[in-house]
Amino acid sequence: MVKVFQAADATDLVTELRRSFDDGVTRGYEWRVTQLKKLLLICDNHEPEICFDVIRSRPKPLAAYLFTQNQKLKERFALTVSAGGIVVNDIAVHLAVPTLPFGGVGESGMGSYHGKFSFDAFSHKKAVLYKSFIGDAAIRYPPYSTGKLRLLKALVNSNILEIFRVISGLS
């Protein structure tokens, strides 16, 4: 029989997990897997409102991430969750986009930074980045071979000649 979770159950579970992790006691692998399975059961019940309630029950995060292809869920997440920034289908890339503000809300920080947003610190503009899974480059993910690392270094350094050498196998 599958247990149906209510929002209060999810909030209690998250509170219990936080308390157990905050007490500094290292618990075994099996215990951690059991706790994560409980959380996944909540999320896998296709009850996004329960997940949103859990997020809203905690201090506002500096960033919130969602991975989905469901357009309505993306929009509801962006409208419902209060966070410094929101990224859909990736993590932390909003930090590298200078035209998006970066900063927190409440306990996660005050104000926004990056260019002109440093001057707009009296109001908060929530960054939302929607990213498709299509066209994602495998070079971003492990395992990192010597060739991958050379190409990444060349890309980061904007060294066109080195990029050409790595791609053509001359380096």
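Rings of Phe, Tyr and Trp (its six-membered ring) form an aromatic pair if their centres lie within 6.5 Å. The views below show a predicted model.

**View 1. The aromatic pair of F52 and F77.** The structure contains one aromatic pair. The ring centres of F52 and F77 are 5.8 Å apart and the ring planes meet at 50 degrees, so the pair is classed as tilted; planes under 30 degrees apart would count as stacked, and those over 60 as edge-to-face. F52 belongs to helix α3 (residues 48–56) and F77 to helix α4 (residues 71–80), so that the pair, at a separation of 25 residues, links distant parts of the chain. Both phenylalanines are buried. Leaving aside residues up to four places away in sequence, F77 is in contact with F52, I55, A64, Y65, L66 and I86.

**View 2. The largest nonpolar core.** Nine residues make up this core: F52, A64, L66, L73, F77, V81, A83, I86 and V88. At least two of them come from each of β1, α4 and β2. Another core, of five residues, lies apart from this one and includes I139, L151, A154 and I163. In soluble globular proteins, nonpolar side chains tend to be buried together.

**View 3. The open sheet of three strands.** The strand order is β1-β2-β3, and the pairing is parallel. The edges are held by β1 (63–66) and β3 (127–130); each has a single partner strand, so one side of each has no neighbour in the sheet. On average, neighbouring strands are turned by 10 degrees against each other, direction ignored. Helix α4 packs on the sheet and touches β1, β2 and β3, and the direction of α4 makes about 170 degrees with that of β1. Four bridges join strand β2 (residues 85–88) to β3 in the parallel sense. V88 is placed opposite Y130 in β3.

**View 4. Surroundings of G85 in strand β2.** The relative accessibility of G85 is 1%, so this glycine counts as buried, the limit being under 20%. Residues up to four places away in sequence not counted, G85 touches L62, A63, A64, G103 and A127. L95 is ten residues from G85 in sequence, and their C-alpha atoms are 9.3 Å apart.

**View 5. Positive phi at N89 and S158.** Neither residue is a glycine: phi is near 70 degrees at N89 and about 55 degrees at S158. N89 sits in the loop between β2 and β3, while S158 sits in the loop between α5 and α6 (160–168). With a relative accessible area of 4%, N89 is buried; S158, at 57%, is exposed.

**View 6. The cis peptide bond between P142 and P143.** Omega of this bond is about 0 degrees. P143 is located in the loop between β3 and α5 (146–156).

**View 7. Confidence along the chain.** The protein chain has a mean pLDDT of 78, and 80% of its residues reach 70 or more. Helix α1 (residues 7–22) has the lowest confidence, with a mean of 70, whereas α4 has the highest, at 91.

How values were computed. Residues numbered from 1 in each chain as written. Heavy atoms only, no water. Helix = DSSP H or I, 4+ residues; strand = E, 2+ residues; numbered from the N terminus. Buried < 20%, exposed > 50% of the residue type's maximum accessible area, 1.4 Å probe, protein only. pLDDT = per-residue confidence, 0-100. Pairing = 2+ DSSP bridges. Axes fitted to C-alpha atoms, helices over the stretch in contact; angles between N-to-C directions. Contact = heavy atoms within 4.5 Å. Core = buried A, V, L, I, M, F, W, Y, C linked by side-chain atoms within 4.5 Å.
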